[in-house]
Amino acid sequence: MSAPTITVERDGHVLLIGFNRPDKRNAANFALLQELALAYGELERDPQLRVGFVFAHGDHFTGGLDLADVAPRIGPNGLNTVPDGGIDPWQVSGQQLSKPVVMAVQGTCLTLGIELMLASDISIAATSTRFGQIEVARGILPFGGATFRLPRAVGWGNAMRWILTGDLFDAAEAHRIGLVQEVVPDGTQYERGLELAQRIAAQAPLAVQAALANARLALRDGDVAAAAALQSELVRLMRSEDASIGMTAFVTRTTAEFVGR
């Protein structure tokens, strides 16, 4: 049997999801896309899992799509890469992921790698990382969310600068425009990304998911819709066991051990 194109491991409440085609610069073939979707499905379904951490084995995060393998599978209705039990990691269709995702990238990070970052919540980049939204140089357009998420994340001009030229840019530029939240020395991106994922996983999971959902509601439906949902969510969370644990920890000055109920 061939090696999995996506590795999946658990570290406490964190699901470690690793791109695993290092000999191909982690270019995404059809198998990788499907296995990644199944990993996201596992993250969503398992109540013991609170955060996803996406990284890559080898020197590069991803060289983008393995077009030789994927292009022939694009039919009249596009490309379907989500098998039963999976969730679209790029969040452009189907069930939405309710849990946060942290990413760590290095080396080359092209096309779908950037779009996966845009669909995630926090991204860490190694200093020497090179980014590129290069679809226009291949005769196609970004179809994993960059056309609507990148302008929102980094501003119209910054997004069009890189989407419409297909030029590469470095980690300093990615940080300047807000695509990544931290740039760290080469070789330390995994440790820093996992540290942040574990920090999130230590918080009350129902509260983390509620905060994330409300922020996404604001992006999708506007501030008024998000504001209207706040009070009912507050009441719901205050009735949870985790809220009681959090209050007790505050009063006793101890560390809360949340249970997700």
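How do the residues of the lining of the second largest pocket divide into nonpolar, polar and charged? The legend to Figure 1 gives the answer; every view is taken from a predicted model.

**Figure 1. The second largest pocket and its lining.** The lining is made up of 13 nonpolar, eight polar and five charged residues. In total, 26 residues line this pocket. Leu65, Leu79, Leu112, Glu115 and Phe143 are the ones that lie nearest its centre. The space inside the second largest pocket comes to about 550 Å³.

**Figure 2. The largest pocket, with helix H8 in its lining.** This pocket holds about 700 Å³ of space. Its lining consists of 25 residues, and those closest to the centre are Leu118, Arg149, Arg152, Arg216 and Leu219. Two or more lining residues come from each of helix H3 (112-119), strand E6 (122-126), helix H4 (146-154) and helix H8 (205-221). H8 provides the largest share, seven residues. Sorted by class, the lining of the largest pocket contains 12 nonpolar, eight polar and five charged residues.

**Figure 3. The largest cavity, lined in part by helices H7 and H8.** Rolling a probe the size of a water molecule over the atoms shows where empty space is left. The structure has one cavity of 30 Å³ or more. The space in the largest cavity amounts to about 30 Å³. Its lining is formed by Arg50, Val51, Pro100, Ile200, Ala201, Gln203, Ala204, Pro205, Val208 and Gln209. Helix H7 (189-201) and H8 each give at least two of these residues, and H8 gives the most, with three. By class, seven lining residues of the largest cavity are nonpolar, two are polar and one is charged.

**Figure 4. The hairpin of strands E1 and E2.** Strand E1 (residues 6-11) and strand E2 (residues 14-19) run antiparallel and are joined by six bridges. Within this pairing, Glu9 of the hairpin is placed opposite Leu16 in E2. Two residues lie between the strands, and Gly12 in the turn has a positive phi of about 65°. In a regular strand the side chains alternate between the two faces of the sheet.

**Figure 5. A salt bridge between helix H1 and strand E1.** The side chains of Glu42 and Arg10 meet here, at 3.1 Å from N to O. Glu42 belongs to helix H1 (residues 30-45) and Arg10 to strand E1, so this salt bridge ties together parts that are 32 residues apart in sequence. Both partners are partly exposed: Glu42 has a relative accessible area of 26%, and Arg10 has a relative accessibility of 43%.

**Figure 6. A salt bridge between two loops.** Asp66 and Arg21 form a salt bridge in which the closest N and O atoms are 3.2 Å apart. Asp66 sits in the loop between strand E3 (51-56) and helix H2 (67-70), and Arg21 in the loop between E2 and H1, so the pair links parts that are 45 residues apart in sequence. Arg21 counts as buried because its relative accessible area is 12%, which is under the 20% cut-off.

**Figure 7. A salt bridge within helix H9, and a salt-bridge network.** Glu233 pairs with Arg236, with the closest N and O atoms 2.9 Å apart. Both residues lie in helix H9 (residues 223-238), three residues apart, which is about one turn of the helix. Glu233 is partly exposed at a relative accessible area of 25%, and Arg236 is partly exposed at 40%. Elsewhere, Arg10, Glu42 and Asp46 are joined into one network by salt bridges that share partners. The count of salt bridges in the model comes to 12.

**Figure 8. The open sheet of strands E5, E7 and E8.** The three strands follow the order E5-E7-E8, with mixed pairing. Strand E5 (108-110) and strand E8 (168-170) are the edge strands, each pairing on one side only. On average, neighbouring strands of this sheet are turned by 25° against each other, direction ignored. Strand E7 (residues 130-132) pairs with E8 in the antiparallel sense over three bridges. Gly132 is found opposite Leu168 in E8.

Key: Residues are numbered from 1 along each chain as its sequence is written. This is a predicted model: local features need pLDDT of at least 70, side-chain atom pairs count only at pLDDT 80 or more; totals for chains, interfaces and linings use all residues. Side-chain values use heavy atoms; hydrogens and water are left out. On a 1 Å grid over the protein atoms alone, a cavity is a set of points where a 1.4 Å probe fits but cannot get out, and a pocket is an open set with protein on both sides within 12 Å along at least five of seven lines; lining residues have an atom within 4 Å of a point. Grid points are joined across faces, edges and corners, and a volume is the space filled by probe spheres set on the points. Helices (H or I, at least four residues) and strands (E, at least two) are DSSP runs, numbered from the N terminus. Ala, Val, Leu, Ile, Met, Phe, Trp, Tyr, Cys and Pro count as nonpolar, Asp, Glu, Lys and Arg as charged, and the others, Gly among them, as polar. Two strands pair if DSSP finds at least two bridges between them. A salt bridge is a side-chain nitrogen of Lys or Arg within 4 Å of a carboxyl oxygen of Asp or Glu. Buried means under 20% relative accessible area, exposed over 50%, partly exposed in between (1.4 Å probe, protein chains only). Axes are lines fitted to C-alpha atoms, for helices over the stretch in contact, and angles run from 0 to 180 degrees between N-to-C directions.
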